[in-house]
Amino acid sequence: MTTALRPTTAAEVYAAGGITVTKVGEHIGAVIEGVRLSGDLSAQTADAIRYALATNKVIFFRGQQHLDDAEQYAFAGTLGSQTTTHPTLTSEDNRTLVIEGAANSWHTDVTFIDRIPKASILRPVQIPAYGGATTWASTTAAYEQLPPALKALVENLRAVHSNEYDYAEVAAGNRDRAALGGRFAEFTRTVFETEHPVVRVHPETGERSLLLGHFVKEFVGLKPSETTALFQLLQARITKLENTVRWNWAPGDLAIWDNRNTQHYGIADFGNQVRNIHRVTLAGDVPVDVHGNSSRIRVGDASHFSVVDEPRRLPGFESA
């Protein structure tokens, strides 16, 4: 059974947390005001932010110039258990991933491990004078818009995700790994491969969403040509403009997205300018499909990266 959201509860939770929430799109995105982010948030404010995230998929804050890496990390801890930097990439503090440039492809973060992160907190440190926006897409809206025949197919389908495979790169014809230099070598220094359901059930809301993105290597039981055709069809559904929200970064901004029901795309349209964004990640659970079956590890152990989160129902959500 899925969960039901009582409409009057949202206003009560937001009021208790002292925040205001303004939607920026029908299916995804909201701006949060009325809070100075820190590691000292009250439980009521943290719950209100988590509630806004669950219902809006990605949320944005402005005017948070006081944040540095330490305070960003502390704030993240009010929403869940922080991970280390990344399953394979490293950083000086082993908790903040410094993103230089932009991914320029649609993905959900770190889907090649079993314990897919539940959320990420992104803060711009250096932003270009133009370009460099980030776009998010709702994989829940994409699933809900599928015709019944496609839903029946994908609800019984599983996909293999690997950090040694980037669909976007292959689709672009860049098969020369050496050309990618040391970054690819570090990214794949430990190989991970995990079999996930194509449709996962959100552990906090009961919503269903498509679990895909550029780490998908193959659909289990399908030929490569069939994987390519179906992957492109489903990705096109996910990235329909009406299922997306685009954010142009400004100093003091901070974004949080639910990694369990979104994909995102950092847009590399800023030439030779510097784009430096810092990310802190929250530990997630192991995805479960509509039949109650969990993802399965094929290769790799991600226990060094994070604990396995034990989700709890958010205030205002109840079993139907």
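Below, a biologist asks how the terms used for this predicted model are justified, and a modeller answers.

Modeller: Some ground rules for this predicted model: local features need pLDDT of at least 70, side-chain atom pairs count only at pLDDT 80 or more, and totals for chains, interfaces and linings use all residues. Residues are numbered from 1 along each chain as its sequence is written, and side-chain values use heavy atoms, with hydrogens and water left out.

Biologist: What makes a residue of H2 count as buried?

Modeller: Buried means under 20% relative accessible area; exposed is over 50%, and partly exposed lies in between, with a 1.4 Å probe and protein chains only. In H2, 11 of the 14 residues are buried, so by that definition the helix is mostly covered. Among them are Ile49, Arg50, Leu53 and Ala54. Across the 320 residues of the protein chain, 53% count as buried.

Biologist: Why is H2 called a helix?

Modeller: Helices are DSSP runs of H or I with at least four residues; strands are runs of E with at least two, and both are numbered from the N terminus. H2 covers 43-56. The expected span is 1.5 Å times one less than the number of residues. For the 14 residues of H2 that gives 20 Å, and the end C-alpha atoms are 20 Å apart, so the two agree. Lysine 57 follows H2, with a positive phi near 75 degrees.

Biologist: What makes a set of residues a nonpolar core?

Modeller: The set holds buried Ala, Val, Leu, Ile, Met, Phe, Trp, Tyr and Cys residues, joined through side-chain atoms within 4.5 Å. The largest such core has 28 residues, and Leu37, Ile49 and Ile59 are among those with the most contacts inside it. H2 gives the largest share, 6 residues. A second, separate core has 19 residues, including Tyr143 and Phe219.

Biologist: Which residues does isoleucine 59 touch?

Modeller: Contact means heavy atoms within 4.5 Å. Leaving out residues up to four places away in sequence, isoleucine 59 touches Ile49, Leu53, Leu254 and Ile256, among others.

Biologist: Why is the space lined by Arg50 and Asp258 called a cavity?

Modeller: On a 1 Å grid over the protein atoms alone, a cavity is a set of points where a 1.4 Å probe fits but cannot get out; lining residues have an atom within 4 Å of a point. The search finds 1 cavity of 30 Å³ or more. The largest has a volume of about 90 Å³. H2 supplies the largest share of its lining, 3 residues.

Definitions and conventions:
1 Å grid on protein atoms, 1.4 Å probe; cavity = no way out; pocket = protein on both sides within 12 Å on 5 of 7 lines; lining within 4 Å. Points joined across faces, edges and corners; volume = space filled by probe spheres on them.
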